[in-house]
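Please open the structure in your viewer and keep the selection tool at hand. The tour goes from stop to stop, and each stop says what to select and what is there.

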Amino acid sequence: MNTATTATVSLGAVTIGLGILAWHLARWWKTGGGAKAGPPGGGGRDPKVLIPFLASIALGMLCVTAAGGLLGTGAVMLLDAGNTLGNWSLTAVTGTATPGVTRSGQKVLSPGGCAALVIYIVVLAAIWKSGGKVFHGKVTSGVTCGVMLGLSAGFSGVAAAAVVSVFNALGDKVTGVM
């Protein structure tokens with residue numbers, strides 16, 4: 001079984017992740033998510049428009065819980081950049097300190113969960129191939145958001161633990177790893 005990642009997340013990185021999430025949700029709320037029949041300024045919001053973004057948030061959360069390999073290393077490098085940039089921006093803009101907000105008792109991917117993650121990446125890569133520029137931007141920002149929020153002690157960290165549990169259960173059942 002994988003060991004838990006030793007990465008930590010700061011308030012700055014969580015702020016970046018929540019900012020990305022707020023940006024996408026506000027744009028979806030204001031524009032109606034691409035619904036052509038809705039009135040101007042929102043209405044007729046189509047939740048299906050959020051699927052690529054939310055699916056990529058889950059991918060980012062899963063990658064940051066992968067303790068090693070290319071996925072885990074890449075996610076931790078992105079998290080470190082988010083910690084640095086977020087801490088600098090919070091200090092520069094508000095003058096506040098940026099404490100660590102990493103949750104204790106992190107969930108880790110089981111071997112079956114890791115197999116499910118690789119299959120999930122293959123599926124998302126196939127969808128990515130057929131997507132356009134806007135789709136690519138949603139996926140890229142979603143993965144970044146998921147990496148920044150995946151280890152936090154707040155609600156987003158609880159969501160990440162739930163995603164990891166689902167992938168572990170699904171992967172263990174499908175692959176026969178128990």
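What follows is a walk through a predicted model, beginning with the whole chain and ending with its empty spaces.

**The whole chain**

Show the chain as a cartoon and follow it from the N terminus, where the order of elements reads α-α-α-α-α-α, so that the secondary structure comes to six helices and zero strands. If you then colour the 178 residues by burial, 38% of them count as buried. Turning to contacts with a separation of 6 or more, residues 24 or more positions apart account for 82% of them.

**Helix α3**

Next, select residues 69-94, which form helix α3. How far apart should the ends of a helix with 26 residues be? At 1.5 Å a residue the expected span is 38 Å, and the end C-alpha atoms of α3 are 37 Å apart, which agrees. Now show the side chains of the buried residues of this helix, which are G72, A75, L79, G82, N83, G86 and L90. These buried residues pack against three other helices, namely α1 (11-31), α2 (51-65) and α5 (133-149). Just after α3 comes G95, and its phi is positive, near 75°.

**Aromatic rings and a charge**

The structure holds two aromatic pairs, and one of them can be found by selecting Y120 and F167. A pair of aromatic rings is described by the distance of the centres and the angle of the planes. Here the centres lie 5.1 Å apart and the planes stand at 75°, and because planes over 60 degrees apart count as edge-to-face, the pair of Y120 and F167 is edge-to-face. The two partners belong to distant parts of the chain, since Y120 is in helix α4 (residues 111-130) and F167 is in helix α6 (residues 155-175), 47 residues apart. Both Y120 and F167 are buried.

For another ring, select W29 together with R45: the charged end of R45 sits over the ring of W29, 3.7 Å from its centre.

**H24 and the largest pocket**

Move on to H24, which lies in helix α1. Is this residue buried or exposed? H24 counts as buried because its relative accessibility is 16%, and the cut-off for buried is under 20%. Leaving aside residues up to four places away in sequence, H24 touches F53, K138 and S141. You can also draw a line from the C-alpha of H24 to that of L50, which are 8.4 Å apart in space and 26 residues apart in sequence.

Keep H24 selected and show the largest pocket, whose volume is about 260 Å³. Of the 12 residues that line this pocket, the closest to its centre are H24, R27, W28, V134 and K138. Helices α1 and α5 each supply at least two residues of the lining, and the largest share, five residues, comes from α1.

**The cavity**

For the last stop, look for enclosed space. Rolling a probe the size of a water molecule over the atoms shows where empty space is left. How many cavities of 30 Å³ or more are there? The count comes to one cavity of 30 Å³ or more, and the largest cavity has a volume of about 30 Å³. Select L124, W128, F135 and V139 to see the residues that line the largest cavity; the elements that give two or more residues to this lining are α4 and α5.

Note on methods:
Residues numbered from 1 in each chain as written. Predicted model: local features only at pLDDT ≥ 70, side-chain atom pairs only at ≥ 80, totals over all residues. Heavy atoms only, no water. Phe/Tyr/Trp six-rings, centres within 6.5 Å; stacked < 30°, edge-to-face > 60°. Helix = DSSP H or I, 4+ residues; strand = E, 2+ residues; numbered from the N terminus. Buried < 20%, exposed > 50% of the residue type's maximum accessible area, 1.4 Å probe, protein only. Lys NZ or Arg CZ within 6 Å of the ring centre and 35° of its normal. Expected span 1.5 Å × (residues − 1). Contact = heavy atoms within 4.5 Å. 1 Å grid on protein atoms, 1.4 Å probe; cavity = no way out; pocket = protein on both sides within 12 Å on 5 of 7 lines; lining within 4 Å. Points joined across faces, edges and corners; volume = space filled by probe spheres on them.
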